[in-house]
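Here is a short briefing to read alongside the sequence and the model. Please keep both open as you go through the points.

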Amino acid sequence: MPDGKAAWTADGCQYADVSAFTAQLARAMRPYAAFREGVRVTAVRPGPDGVTLRLGTGDEVTAGRVVLAPGPWLDDPAWAEALAPLGLRVKKIVALHVDVPTSAGDGAVVFHEEDAFLLPLHDRGHWLFSYTCPEWDVTPDGLSGGVSPQNLHEARELLAGYAPEFAAHCASGRVFCDAYEPGGSGPVVTALDAAGRLVFAGAAGGSGYRLAPALAADAAGLLHLRASAADETKDIK
């Protein structure tokens, strides 16, 4: 450890392949819920009695209540106008692959002040180093260039202060983006219409997996408080 730094250990921590985990949840829910995967929403129209979604297939679906969770796709024409008052922004996220083998006892290392972490990806056999990339106002569909020289420089410089042997093995990684609340207040869960039938949940700032249970609970609670008993028969799940 560098001088002036301290470390703690924590039990019960875990990480997941979020896509695979979501697929498992969907598999359990398929007997009870209808899924429309790979279908674009082209319009969202809230009304006094429900919310109508127009789909890219030409179909329309109406539900008593809708949760909008678009991740970093804030500027999609279907809901950009509704989200504009929230003042949310999108920031680039970079995680470097560190080609150093993991061991069974390795755990994550979180750099609290730097807002960065090292994660052993045991299933892949290497480490992941995520740092706070300062590039704002990017678009998810426009991030096609991969890891940039500046990304490598920033990550290696930070990591070299703690684990120079790891910094020397950073040469590739993964790039994406996420929505943030610029004021630093964290995730946003709020109604977007006067009747409280359309609720936005997001701006998790790269921590969507960690904060998903709390986001879901807040969204469900907000919908429950604003809904009448008569809606129970109208909701499409």
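Is Asp59 buried or exposed, or does Asp59 lie in between? Asp59 is partly exposed, at a relative accessible area of 38%, where buried means under 20% relative accessible area, exposed over 50%, and partly exposed in between (1.4 Å probe, protein chains only). This is a predicted model, in which local features need pLDDT of at least 70 and side-chain atom pairs count only at pLDDT 80 or more, while totals for chains, interfaces and linings use all residues. Residues are numbered from 1 along each chain as its sequence is written, and side-chain values use heavy atoms, with hydrogens and water left out.

**Salt bridges**

- Searching the whole structure turns up six salt bridges, each defined as a side-chain nitrogen of Lys or Arg within 4 Å of a carboxyl oxygen of Asp or Glu.
- One of them joins Asp59 to Arg36, with 3.8 Å between the closest N and O atoms. Asp59 sits in the loop between strand 2 (50-55) and strand 3 (60-63), and Arg36 in the loop between helix 1 and strand 1 (41-47), so this pair ties together parts that are 23 residues apart in sequence. Helices (H or I, at least four residues) and strands (E, at least two) are DSSP runs, numbered from the N terminus.
- Arg36, like its partner, is partly exposed; its relative accessibility is 48%.
- Arg45 and Glu60 also meet through their side chains in a salt bridge, at 2.9 Å from N to O. Here distant parts of the chain are linked, as Arg45 belongs to strand 1 and Glu60 to strand 3, 15 residues apart.
- Arg45 is partly exposed at 34% relative accessible area, and Glu60 is partly exposed at 48% relative accessibility.
- Glu135 and Lys92 make another salt bridge, their closest N and O atoms being 3.6 Å apart. This pair, too, links distant parts of the chain: Glu135 is in the loop between strand 8 and helix 3 (149-160), Lys92 is in strand 5, and 43 residues separate them.
- The two partners differ in cover: Lys92 is buried, with a relative accessible area of 6%, whereas Glu135 is partly exposed at 28% relative accessibility.

**Strand 5 and its neighbours**

- Strand 5, the home of Lys92, spans residues 89-98 and is mostly covered, with eight of its ten residues buried.
- Strand 5 pairs with strand 9 (residues 170-180) in the antiparallel sense over ten bridges; two strands count as paired if DSSP finds at least two bridges between them. Within this pairing, Ile93 has Phe176 of strand 9 as its bridge partner.
- Strand 5 also runs antiparallel to strand 8 (residues 126-131), and five bridges join the two. Leu96 has Phe129 of strand 8 as its bridge partner.

**The open sheet 1-2-3**

- Strands in the order 1-2-3 make up an open sheet of three strands with antiparallel pairing. Strand 1 and strand 3 are the edge strands, each pairing on one side only.
- From one strand to the next, the twist averages 15°; axes are lines fitted to C-alpha atoms, for helices over the stretch in contact, and angles run from 0 to 180 degrees between N-to-C directions.
- Four bridges hold the antiparallel pairing of strand 2 with strand 3, and Thr62 in strand 3 is the residue opposite Thr52.

**The open sheet 4-11-10**

- Another open sheet of three strands follows the order 4-11-10, and its pairing is mixed. Strand 4 (66-68) and strand 10 (188-191) are at the edges with a single partner strand each, so one side of each has no neighbour in the sheet.
- On average, neighbouring strands of this sheet are turned by 20° against each other, direction ignored.
- Strand 10 pairs with strand 11 (residues 198-202) in the antiparallel sense, over four bridges. Ala201 in strand 11 is the bridge partner of Val189.

**A nonpolar surface patch**

- Val18, Phe21, Leu25 and Tyr209 form a nonpolar patch on the surface, together offering about 330 Å² of accessible area. Areas come from the Shrake-Rupley method with a 1.4 Å probe, and for residues only the protein chains shown count as cover.
- Patches are made of residues with over 30% relative accessible area and no salt bridge; like charges are joined within 9 Å, and nonpolar side chains (Val, Leu, Ile, Met, Phe, Trp, Tyr) within 5 Å.
- Helix 1 (residues 18-29) gives the most to the nonpolar patch, with three residues. Phe21 is found in helix 1 and is partly exposed, with 39% relative accessibility.
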